[in-house]
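Good morning, colleagues. Please have the sequence and the structure open in front of you; I shall speak first about a pocket and then about a sheet.

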Amino acid sequence: FVNRQDQSRVPTQQLRQKTLIHSLRVTGKYAPVAASSLRRKPGVFWGEFHGMVFNQRPLDDYYRYAKSVAKLDFCAPFWFSYGTCVEDVWQQVKEASRRHTEPGKFAALAGFECGTPPDDSHRCVLFRDPEKVPPIFCDSRPPAQDPFHQSRLHPETVVCKTLPEFYETIERFGGVVTGHFHTRQYDQEVLAEIYQKNLRQPAREEERIYELMRRGKRFALAGTSDTHDSMPGNPFAEPHLPMAAGFTGVYADALTADALLDAVVARRTFATSGTRMFMNFQSNGQPLGAELPIDAPRLF
């Protein structure tokens, strides 16, 4: 253990004084998990909740790579909201999601990313049922505010000018908001990316997320790619980026957008830096994401 400020080693006695504040009697047991259980209810599904389609390659390419090369169970390709709101782009996103969804085999999720006011924090949005969702615009960055660009927005676009308006709109249309390492302040985000390709100092982001938890925030954790090459789950780093794609394991009752997002809201996820590791952790019979009284006996 080291001090964050100067990286000096923390004396053992100081550690004891800080950690032995509340003692608990902890008991545990270990039972091997058969590999055959991986796809049984509530199976673990692998995928990622955040990738980008910056290079304008077709969405079909993105989903095909996810299914045929990366062998994911689900994925979500994003454009920024100012891109999905132009003309019929959002309709194309929804059609691609519908076209590539294979019941019981693959969930093609639909959503977008925003540079939200007031500080341009990036936030991502996913929808359970995008069919009745109109284009939603929320982006405070200068390119998104260009009058010529805004003149091309679809006439049914819902424009959100403030962060509370954005949250209210997403909730009204059945969506969930997820975090990003560019999310400066967490509020109604139900998921945080603890690992992704663009993190140049992953340990610092881990510490930031843990500090948010210590302050009382509650959210699921994800490993993603934030890929800019239309290859979700690509095991190799992209040019100028330090790391390969991460993955998210999700305990869900079914391989559908609705079930996956239910699991996210219930915090039944875990993140890895690329390994598809099966993890089953319970305390007092409660699954990942559950909250227990602090004075309850512990059985792990």
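The largest pocket has a volume of about 720 Å³. Please bear in mind that this is a predicted model, and that the pocket is computed from it.

Which residues lie nearest the centre of this pocket? They are R267, F281, L288, G289 and A290, and the lining as a whole comprises 24 residues. Turning to the secondary structure, the elements that contribute two or more residues to this lining are α8, spanning 202–214, β11, spanning 220–223, and β13, spanning 269–272. Of the elements, α8 supplies the largest share, with three residues.

For those considering the chemical character of the pocket, the lining residues divide into 14 nonpolar, four polar and six charged.

I now move to the sheet. Three strands form an open sheet in the order β5-β6-β9, and their pairing is antiparallel. Which strands are at the edges? They are β5, residues 111–116, and β9, residues 175–178, each of which pairs on one side only. On average, neighbouring strands of this sheet are turned by 25 degrees against each other, with direction ignored.

Let us look further at one pair of strands. The strand β6 covers residues 121–127, and its antiparallel pairing with β5 runs over six bridges. Where does G115 find its bridge partner? The partner is H122, in β6.

To summarise, we have a pocket of about 720 Å³ lined by 24 residues, and an open antiparallel sheet of three strands. Thank you for your attention.

Technical notes
Residues numbered from 1 in each chain as written. Predicted model: local features only at pLDDT ≥ 70, side-chain atom pairs only at ≥ 80, totals over all residues. Heavy atoms only, no water. 1 Å grid on protein atoms, 1.4 Å probe; cavity = no way out; pocket = protein on both sides within 12 Å on 5 of 7 lines; lining within 4 Å. Points joined across faces, edges and corners; volume = space filled by probe spheres on them. Helix = DSSP H or I, 4+ residues; strand = E, 2+ residues; numbered from the N terminus. Nonpolar A, V, L, I, M, F, W, Y, C, P; charged D, E, K, R; others polar. Pairing = 2+ DSSP bridges. Axes fitted to C-alpha atoms, helices over the stretch in contact; angles between N-to-C directions.
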